[in-house]
Amino acid sequence: MRQLVILGTASQVPTRTRNHNGYLLRWDGEGFLFDPGEGTQRQMIHAGVSANQITRICLTHVHGDHCFGLPGVLSRMALDGVAHPVHLHYPASGEDTVRSLVSVSSPGIDLRLHPHGAGGTVAEGLDVRPLQHRIETYGYRLAEPDGRTLLAERLAAAGVSGPDVGRLQREGTLAGVRLEDVSVPRPGQGFAFVMDTAPCAGAEELADGVDLLVAESTFSNDDAGLARQYRHLTAGRRGSWRQVRASAPLS
Ligand SMILES: [Zn+2]
C-alpha cells in the first residue's frame, strides 16, 4: 500500500486546527516519517499511525518545527518495543542538534544515524538534493524502479499461466516467450518532499515528473518579499511546477 498521512502542516506556530509539520508516507513495507515537529506522537494517534510502522525518519533541516517531535516519537517507539532497525536521515551540519534530540529520547531501539552533506543517494531508491534555506536543508525523492505490466490476453495467447507467469517475470524468457512480448513498460512511481526553500534547482529536480509532491508554501503571493527574506516558497510559486503529474494517484 502507498499512502501519505498528513500529521501537520503548520510551520513555526501551530494553530488550534493545524499541528506543526509531520508526514507519514506508507510505501509498500516501509513507513517514512518526514519532519516530525512537536506533537507528532499525538497526531499519529489521531491518524491511526502506530510507532511500529515507522522504519525511516527523514529530516529536511533542524529548525524546530521540523524536528522537535523526534524525542517523543523515538521514545514512543522504545516504549512500544519496536524491534526493527530505524534509519534517521538528516543534514550533516545538524549533527549536534540531532544527537541532542536523540540523547533525551528513551533508549532501546535500533536507531541508525545517516547524516548527508551533499546531494545523492542516501538509501535504496531514496535521493536527496540541496535546497536553499537559512541553514543546510535537503529535500527527498523516493523512486520506484521502472517495471512492466503484464497483459492477460497476451499471456493467454502465448499459453503462459499459473506459476509460469512468475517464472517468466523472474527469468525474462520462458519456452520461447519473451517478457516484453506479453507486457508493456510501467514507469515506477515517484514521491518528492520539498520543505523550506527559496526557488532553486534542487527543488525543481526533486519535483520533476513525480506522481506526488509535498511542498511548503509558507507565504502567500502577497508576501513574496518575506518569502525571499526568509527563503521560503509562496503558494503561487509552488503551483507553478506544471511538470508535476498531479493526476496520477499512488497505488
Ligand atoms: Zn526552516
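**Reading the terms in this model**

Reader: Which residues of α3 are called buried, and what makes them so?
Author: In this predicted model, the buried residues of α3 are T97, V98 and L101. The term requires 20 or more other C-beta atoms within 10 Å of a residue's own. T97, V98 and L101 are counted as buried in α3, so each of them meets that cut-off.

Reader: Why can the buried residues of α3 be said to line one face of the helix?
Author: Viewed down the axis of α3, the buried residues fall within an arc of 95°, and therefore they line one face. A general rule helps here: an α-helix has 3.6 residues a turn, so residues three or four places apart point the same way.

Reader: Which residues of α3 lie on the other side, and what are they called?
Author: On that other side D96, R99 and S103 are exposed. The word applies where 12 or fewer C-beta atoms are found within 10 Å, so D96, R99 and S103 each fall under this limit.

Reader: What covers the buried residues of α3?
Author: The cover includes α2 and β5. Contact here asks for C-beta atoms within 7 Å of each other.

Reader: What makes β4, α2 and β5 a unit, and of which hand is it?
Author: β4, helix α2 (residues 70-79) and β5 make a β-α-β unit, which is right-handed. With the strands pointing away from the viewer, a clockwise path from the first strand over the helix to the second earns that name; the path from β4 over α2 to β5 is therefore clockwise in that view. The chain then crosses from β5 through helix α3 (residues 95-103) to β6, and this β-α-β crossover is right-handed as well.

Reader: How do you know that β4 and β5 pair?
Author: At least two bridges are needed for a pair. Strand β4 (residues 56-58) is joined to strand β5 (residues 86-91) by three bridges, so the condition is met, and the two run parallel. Within this pair C58 stands opposite H89 of β5.

Reader: How many bridges link β5 and β6, and in which sense do they pair?
Author: β5 and strand β6 (residues 111-116) pair over six bridges in the parallel sense. Y90 stands opposite P115 in β6.

Reader: Why are β7 and β15 called edges?
Author: An open sheet of five strands follows the order β7-β8-β9-β14-β15, with mixed pairing. β7 (120-123) and β15 (212-215) each have a single partner strand, so one side of each has no neighbour in the sheet. From one strand to the next, the twist averages 20°.

Reader: What makes β9 largely enclosed by the rest of the structure?
Author: Five of the six residues of β9 are buried, so the rest of the structure largely encloses this strand. Strand β8 (residues 126-130) joins β9 through five antiparallel bridges, with R129 and G139 as bridge partners. β9 (residues 138-143) also pairs with strand β14 (residues 190-194), in the antiparallel sense over four bridges, and there R141 has A192 as its partner.

Reader: How many residues does the chain have, and what share count as buried?
Author: The chain has 251 residues, of which 37% count as buried. It holds eight helices and 15 strands.

Reader: Which residues does UniProt list for "domain: Metallo-beta-lactamase"?
Author: The unreviewed UniProt entry lists residues 18-100 under that label. In the model, this span is 29% helix and 24% strand, and its end C-alpha atoms lie 26 Å apart.

Key:
Residues numbered from 1 in each chain as written. Predicted model: local features only at pLDDT ≥ 70, side-chain atom pairs only at ≥ 80, totals over all residues. UniProt positions renumbered as here; feature names shortened; annotations may be inferred. Axes fitted to C-alpha atoms, helices over the stretch in contact; angles between N-to-C directions. Arc of directions from axis to C-beta. Contact = placed C-beta atoms within 7 Å.
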